[in-house]
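User: Hey, can you walk me through this one? I'd like the fold, the charges and whatever sits at the chain contacts.

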Protein chains: 4
Amino acid sequence: MAPKLRTVPRKRPVQDRSRATVDAILAAAAQVLVKDGFDRTSTNRVAEVAGVSIGSVYQYFPSKEALVGALVERHNEAMRAAVLAELQRVQVLPLEAAVRAVIELIVRAHAIEPALHRVLMEQVPRTGRLARVDQFAVELHAVIVRYLDAHRARLRVQDLDLAAFLAASAVEAMAHGAVIYQPHRLDDPAFLDEATAMVVRYLIA
Amino acid sequence: MAPKLRTVPRKRPVQDRSRATVDAILAAAAQVLVKDGFDRTSTNRVAEVAGVSIGSVYQYFPSKEALVGALVERHNEAMRAAVLAELQRVQVLPLEAAVRAVIELIVRAHAIEPALHRVLMEQVPRTGRLARVDQFAVELHAVIVRYLDAHRARLRVQDLDLAAFLAASAVEAMAHGAVIYQPHRLDDPAFLDEATAMVVRYLIA
Amino acid sequence: MAPKLRTVPRKRPVQDRSRATVDAILAAAAQVLVKDGFDRTSTNRVAEVAGVSIGSVYQYFPSKEALVGALVERHNEAMRAAVLAELQRVQVLPLEAAVRAVIELIVRAHAIEPALHRVLMEQVPRTGRLARVDQFAVELHAVIVRYLDAHRARLRVQDLDLAAFLAASAVEAMAHGAVIYQPHRLDDPAFLDEATAMVVRYLIA
Amino acid sequence: MAPKLRTVPRKRPVQDRSRATVDAILAAAAQVLVKDGFDRTSTNRVAEVAGVSIGSVYQYFPSKEALVGALVERHNEAMRAAVLAELQRVQVLPLEAAVRAVIELIVRAHAIEPALHRVLMEQVPRTGRLARVDQFAVELHAVIVRYLDAHRARLRVQDLDLAAFLAASAVEAMAHGAVIYQPHRLDDPAFLDEATAMVVRYLIA
DNA sequence: GATGAATGAGTCTTCATTCAT
DNA sequence: GATGAATGAAGACTCATTCAT
């Protein structure tokens, strides 16, 4: 008897399957990292949770550092995207509204996988490519400097680099702190009002 | 065999010799931690650098966690001392001067072994007694709330807890950021002026 | 860091290769245990003798206790099998012949890897799952009680539980002692005659 | 001023003090051995429990083996004494009474620090001088052979060495088992009756 | 004699990584 | 591509023993 004709693909296209594997590994890595902390996270455990063999992990990530690095990059990318997507809209707002909007964006960016964010910020050793954990903060600084420069006229601060450093540090810390330690603040409009007040009153005469 | 982790110091030194040993171990631990990062810090390496045998390390610190914990406590104590010592003096100052003085104290506290501070804050997993890495920040918050409450009359902020949280987060972040990433700022009087401005303008009507 | 001891085998071998590894490890463990005694037996030495890496030992046995435990279980199983296999045949024999046959079975069971048996009985700390070293003796008692109960009519003893305890203790000790300290007795038919006499005369009027 | 005349010894005679120290160490060793088992017993812990410094332990016992060995010897001595003291009295008893008396003595000997006895028998590696853990059993065998020889006339057994081995093994096991696993048996007169019956019926025609 | 700080070989165990199937 | 058995360097920690005080 003639064998049945197979009309459905034996497997999904190679790229798709790979993509799914990579995603599963990264998701598992994030999960284990959050649950066990950085130095109790083992590649074997990640493979197990991902439901793939340890060999497959090394197929895509040549080292533990590469694996965590990918996670870091992905997380930075997500935060960056959350902010950048809206930044166009913010440009045209009056200063007070702009500051408030930016703070809101930054808080929202911090609210992306906050537990992962915390582990990444608090435990991942800043060595090699893992130094980029706070890449987002660095980029944020630049964005803010540019923004301030564009609105220089109305500002009381002169040294924009210093002002951006201070404002960015402050906002970043408030956002981080709120998300991590005081999540209930996030629903309180007073939080945003006050944070905005601090920055606005600082920047504007 | 694997007994439960013990995290309290094993015994108090009774001879002079052992005091020196304990100091050498802590100094070596700080040094290795700064140089190699938390998870490349091994107790064996610490012993080697301290010039004592690994047995001596465990004579005084029953686990790696206890060793790092001792360092954390010692560092917190140093920061606390640097701030508290001057706090009496600050109480009687007018608000603007008080804010400036407190910021200065906090910056100075952050300048105590900044490299160690950084490793402790960035890499030590907040588990068990190691959770206390940011003990200092917690205590600071309480101090600030009390201070604000005492000067309530002149403040524009109403929710003192929120204000303290925001101000403390901001100041802590500015101090931390300056010490770690922008040490040159520390010599620039503008840094202190601006930081003070941000907080004062936020707090006072 | 020192996690809780795990004492259950870590996984079942799925490939042929791993079956061979497990066997090699157990054989090596038995050999080292016999040669060096329990507390000079190290997992590293076992790995070395087995010709596998220490990692492979822990792949299959999550702790030293689990390794020795597996050996204990295997040994108990072998002794149990040696006795149980013949027990059906014994049931139909007249009492004297049955007692002789049972003693013979017990002696034979003790002659299975007697050196290992000795180390297991004499040195393995009866803690946790290792308490089962004398599991075989426990089961033996039950078997004997059942047997006596079935032949109650011809017995002079009344308290079968006591009689079983005494007879089992006696037989077990004679078998153990003969195998360990007087192996030459094993070939002497008088040994079996006498042991049988002691038990038969005790049990039967 | 002339110093007060001291009329009381500044300290007890050297031998006395040493004796007390040695006793404290041995008592502590027994206690730790029973509580923690052989391989969790450390010399440092023994010193601590004894209330002396580790140096003092090594003053009197040059090694851990020597320490445990002393305990073994002391225990053997105590068992031997308990039996030998009464043995003269037993010699003149008729056979049945003698067997009963000896069994009673052996049981009583096993009831001396039974927990220590158990650890010594079950966990101490029989190496070097520690081989003597069952020294008592060896000596007992000789005593029994001599006794049987003296009463040869009434015996049904011929090979006295074999008979002594079997009887001693049996009695020792019954005593050991009763003390360790069935302590309630010890108060039941039936236990002694039955054990005696087994041996007497075995020995005598 | 007594003390206890110090020692360091040796133990158990983990985990990133490799590679034959 | 995927698998998972195997590896072994390295790390945390113990404890018998020594010796300066």
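**Chat about the model**

Analyst: Sure. Let me begin with one helix: the buried residues of α6(B) are B:L116, B:H117, B:V119, B:L120, B:M121, B:E122 and B:Q123. Keep in mind that this is a predicted model.

User: How many of the residues of helix α6 in chain B are buried?

Analyst: Seven of the 10, so helix α6 (residues 114-123) of chain B is mostly covered, with buried meaning under 20% relative accessible area.

User: OK, and what covers the buried residues of α6(B)?

Analyst: The cover includes α6 (114-123) of chain A. From chain B itself, it includes α1 (16-36), α4 (64-91), α5 (95-110) and α8 (160-181).

User: Let's zoom out. What's the secondary structure of chain A?

Analyst: Nine helices and zero strands. Reading from the N terminus, the order is α-α-α-α-α-α-α-α-α.

User: Is chain A a compact globule or more spread out?

Analyst: More spread out: its radius of gyration is 22 Å, well over the 17 Å that the globule rule gives for 205 residues. The C-alpha trace spans about 85 × 40 × 35 Å along the principal axes of chain A.

User: And what share of chain A counts as buried?

Analyst: 49% of the 205 residues. Of the contacts in chain A with a separation of 6 or more, 69% are between residues 24 or more positions apart.

User: How much accessible surface does chain A have?

Analyst: About 10,400 Å², and carbon and sulfur atoms account for 56% of that.

User: Switching to charges. How many positive and negative side chains are in chain A?

Analyst: Chain A has 26 positive and 23 negative ones, and the centres of the two sets lie 9 Å apart.

User: How many salt bridges over all chains?

Analyst: The count comes to 60. Side chains of opposite charge can pair when their charged atoms come close.

User: Got an example from chain A? Which residue does A:R74 pair with?

Analyst: A:D23, with the closest N and O atoms 3.7 Å apart. That pair links distant parts of the chain: A:R74 sits in helix α4 (residues 64-91) and A:D23 in helix α1 (residues 14-36), 51 residues apart.

User: Are those two buried or exposed?

Analyst: In between. A:R74 is partly exposed at a relative accessible area of 36%, and A:D23 is partly exposed too, at 27%.

User: What about chain C? Which residue forms a salt bridge with C:R154?

Analyst: C:E96, and there the closest N and O atoms are 3.2 Å apart. C:R154 lies in the loop between α7 (135-150) and α8 (160-181) of chain C while C:E96 is in helix α5 (residues 95-110), so the pair ties together parts that are 58 residues apart in sequence. As for exposure, C:R154 counts as partly exposed at 42% relative accessibility, and C:E96 also counts as partly exposed, at 35%.

User: How far apart, N to O, are D:R80 and D:E77?

Analyst: 2.2 Å, in a salt bridge between their side chains. The two are three residues apart in helix α4 (residues 64-91) of chain D, so about one helical turn separates D:R80 and D:E77.

User: Buried or exposed, that pair?

Analyst: D:R80 counts as buried at 18% relative accessibility, since the cut-off for buried is under 20%. D:E77 counts as partly exposed at 40%.

User: Last one: which residues are linked with A:R118 in a network of salt bridges?

Analyst: A:E122, B:R126 and B:D134, so that network has members from chain A and from chain B.

Methods
Residues are numbered from 1 along each chain as its sequence is written. Chains are lettered from A and ligands numbered from 1 in the order in which they are written. This is a predicted model: local features need pLDDT of at least 70, side-chain atom pairs count only at pLDDT 80 or more; totals for chains, interfaces and linings use all residues. Side-chain values use heavy atoms; hydrogens and water are left out. Helices (H or I, at least four residues) and strands (E, at least two) are DSSP runs, numbered from the N terminus. The radius of gyration is taken over C-alpha atoms; the globule rule is 2.2 Å times the number of residues to the power 0.38. Buried means under 20% relative accessible area, exposed over 50%, partly exposed in between (1.4 Å probe, protein chains only). Contact means heavy atoms within 4.5 Å. Accessible areas come from the Shrake-Rupley method with a 1.4 Å probe; for residues, only the protein chains shown count as cover. Lys and Arg count as positive and Asp and Glu as negative; His and the chain ends are not counted. The place of a charge is taken as NZ of Lys, CZ of Arg, CG of Asp or CD of Glu. A salt bridge is a side-chain nitrogen of Lys or Arg within 4 Å of a carboxyl oxygen of Asp or Glu.
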